[in-house]
Amino acid sequence: MKTIPTLGEILQAQGVSRRGFMKYCAATASLLALPPAMVPRIARALEQARRPSVIWLSFQECTGCTESLTRSSSPTLEGLIFDSISLDYHHTLQAASGDAAEAARHAAMQENMGSYLVLVDGSIPMANPGYSTIAGISNYDMLMETVEGAAAVVAIGSCAAFGGIPGANPNPTGAVSVRDLVKDKPVVNVPGCPPIPMVITAVLAQFLTFGRLPDLDLHGRPTAFFGQTIHDRCYRRPFYEQGRFAETFDDEGARKGWCLFKLGCKGPITYNACATVKWNAGTSFPIESGHPCLGCSEPGFWDKGGFYAPLSTGKFGSGGKLAGAAVAGVALGAGAAVAGRRRQAKYTKEG
Amino acid sequence: MNTKQPIRSAIPYSRGNVKPLLNEIIHALDRLLNDDEPTAIDLASLPFAPGELDELERALGHGELSAELDALGKSLIRETAYPGVWWVEHRNTGGEVVGRYIEITRSPEILMSQDADIGAGRARLRESLEDSGHQSNKEAGK
């Protein structure tokens with residue numbers, strides 16, 4: 001079996017100073033949503049860490065998740081590939097194709113039996129195996145063969161995590177999620193359309209640093225990033241409390257940056273880290289750009305009513321969830337809920 | 001210009017996220033002075049409104065000392081107008097911010113020379129001295 005160098009040895013061989021390494025550890029702590037006081041512990045763990053082999057499988061997907069990751073800045077993908085993980089198979093990114101690519105996948109599986117990670121983006125069609133194949137192999141067969149010797153599986157994006165748009169009504173391909181099929185391996189869901197790149201890298205960094213997967217919620221999502229709703233952490237939340245809402249995309253409320261609840265924002269029932277981690281190297285997130293949250297990291301979000309229908313119309317989630325949102329906003333929030341229902345009824349009638 | 005004076009923000013604490021953070025810094029300064037306990041605040045974990053980060057930076061101002069670290073990309077380590085309160089910003093080789101912190105400490109750890117680097121530097125210096133000794137001997141025909 002080949003000897004895999006530790007990350008400390010790799011960085012030392014590249015001439016990276018201890019200061020540089022400490023900086024890398026500080027960025028990793030931030031990435032993992034851990035307090036800065038954890039940096040020395042992360043440094044000790046990372047020095048001894050060995051690069052895990054990663055096999056990335058792409059099924060019924062749009063490549064948006066890979067696009068998201070390749071634009072990740074923390075750490076850079078190049079750094080991630082060359083320093084932190086050994087990306088042994090990714091048919092969109094790798095130079096090899098056909099038999100050579102499949103040979104690389106089998107070699108990685110054999111050399112790292114029991115310890116490699118499988119990353120999956122895209123859902124798996126079950127209505128007919130011919131709907132989606134790679135090198136003549138059905139998505140189902142490739143998934144089940146590859147996960148057999150894996151330490152864990154990470155479902156990247158809402159398609160792999162929950163079925164996504166291929167699984168939306170009427171689901172012509174019989175699309176299912178990774179968790180629907182893989183029952184005997186730990187599966188981490190990193191949903192989103194696409195998921196936040198830092199969250200993808202954080203799961204890998206957590207595995208690399210501590211040799212274990214992060215704590216998960218009911219839907220298999222890492223609680224460090226999916227433990228709170230967008231609404232809980234939204235900088236516009238004070239306007240919700242004050243009952244100040246944008247009613248249209250060009251009114252005074254929209255210009256003043258008031259709450260987007262009445263424009264269909266799904267922030268109150270969507271668990272994700274967009275409001276703090278943000279996008280494009282921390283530049284902003286949809287609500288900051290003036291658009292309501294679509295709720296893309298929640299199961300079945302495509303089939304839960306119009307994106308611009310206020311939660312108060314009851315199409316997205318249950319009435320109980322809406323009641324929770326309205327209670328949080330006290331009387332003003334409830335007022336907004338009533339007004340939202342009226343507005344939605346009007347749209348429905350006019351539409 | 002007196003660099004110790006913070007630059008005042010035109011919109012004071014517009015969304016209410018800056019003022020609580022400044023209060024937290026005061027408490028952290030109490031801990032530093034009374035118990036010698038440093039604090040680090042990771043700014044990436046806070047839900048800032050647009051412009052609030054700039055507002056915070058302006059509120060803290062610039063102090064007497066700033067340093068630039070060049071390791072896996074540039075880093076800025078700057079004391080604010082309030083001694084013991086440091087603005088630390090790490091960037092990757094592409095110039096993108098990968099970490100931004102406020103450290104309440106006498107001196108950020110990353111400024112200190114690290115033992116591993118000191119040891120490696122000492123070895124390099126020895127080697128360089130030995131090389132130059134060999135070179136001198138060669139030139140002297142010994």
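Strand β1(A) is covered on both faces. On one side, S53(A), I55(A) and L57(A) are buried. On the other, V54(A), W56(A) and S58(A) are buried as well. That makes six of the six residues, so β1(A) is largely enclosed by the rest of the structure. The model is predicted.

**The sheet around β1(A)**

What order do the strands of this sheet take? Five strands of chain A line up as β2-β1-β3-β7-β9. The sheet is open, and the pairing is parallel. Two strands stand at the edges: β2 (86-90) and β9 (187-190) of chain A. Each has a single partner strand, so one side of each is left without a neighbour in the sheet. Neighbouring strands are turned by 20° against each other on average, direction ignored.

Strand β1 spans residues 53-58 of chain A. Its pairing with β2(A) is parallel and rests on four bridges. With β3(A), also parallel, there are five bridges. Some residue pairs across these strands can be named.

| Residue in β1(A) | Opposite residue | Strand of the opposite residue |
|---|---|---|
| V54(A) | L87(A) | β2(A) |
| I55(A) | Y89(A) | β2(A) |
| W56(A) | L119(A) | β3(A) |

In general, strands of a sheet pair through backbone hydrogen bonds, either parallel or antiparallel.

**Helices on the sheet**

Which strands does helix α6 of chain A touch? Helix α6 (residues 98-111) packs on the sheet and touches β1, β2 and β3 (116-121) of chain A. The direction of α6 makes about 140° with that of β2(A).

Helix α7(A) lies across β1, β3 and β7 (150-156) of chain A. It runs at about 165° to β1(A). Helix α7 covers residues 139-147 of chain A. Its buried residues are N139(A), M142(A), L143(A), T146(A) and V147(A). They cover an arc of only 110° around the axis, which puts them on the same side of α7(A).

**A buried glycine**

Is G192(A) buried or exposed? G192(A) has 27 other C-beta atoms within 10 Å, and is therefore buried. Its place is the loop between β9 and α10 of chain A. Neighbours within four places in sequence aside, G192(A) is in contact with G157(A), S158(A), N272(A), C296(A) and S297(A). A135(A) stands 57 residues away from G192(A) along the chain. The C-alpha atoms of these two residues are separated by 28 Å.

**Domains of chain A**

The domain assignment divides chain A into domain 1 (1-49), domain 2 (51-224) and domain 3 (237-350). How many residues does each side bring to the contact between domain 2 and domain 3 of chain A? Domain 2 gives 14 residues and domain 3 gives 13 residues. On the domain 2 side, α8 (157-162) and α10 (197-210) of chain A each supply at least two residues. By class, that side has eight nonpolar, five polar and one charged residues.

**The two chains**

Chain A has 351 residues, and 51% of them are buried. It holds 16 helices and nine strands. Take the contacts in chain A with a separation of 6 or more. Residues 24 or more positions apart account for 70% of these.

Chain B has 142 residues, of which 28% count as buried. It holds three helices and five strands. From the N terminus on, its elements run α-β-α-β-β-β-β-α. Among contacts in chain B between residues at least 6 apart in sequence, 47% join residues at least 24 apart.

**Where the chains meet**

How many residues of each chain take part in the contact between chain A and chain B? There are 28 residues from chain B and 27 residues from chain A. On the chain B side, β1 (39-42), β5 (97-104) and α3 (115-139) each supply at least two residues. The largest share of that side comes from β5(B), with four residues. By class, the chain B side has 15 nonpolar, nine polar and four charged residues.

Notes
Residues are numbered from 1 along each chain as its sequence is written. Chains are lettered from A and ligands numbered from 1 in the order in which they are written. This is a predicted model: local features need pLDDT of at least 70, side-chain atom pairs count only at pLDDT 80 or more; totals for chains, interfaces and linings use all residues. Domain bounds come from an automatic or database domain assignment. Two residues are in contact if their C-beta atoms, placed from the backbone, lie within 7 Å. Ala, Val, Leu, Ile, Met, Phe, Trp, Tyr, Cys and Pro count as nonpolar, Asp, Glu, Lys and Arg as charged, and the others, Gly among them, as polar. A residue is buried if 20 or more other C-beta atoms lie within 10 Å of its own, exposed if 12 or fewer, and partly exposed in between; C-beta atoms are placed from the backbone. The arc is that of the directions from the helix axis to the C-beta atoms. Two strands pair if DSSP finds at least two bridges between them. Axes are lines fitted to C-alpha atoms, for helices over the stretch in contact, and angles run from 0 to 180 degrees between N-to-C directions.
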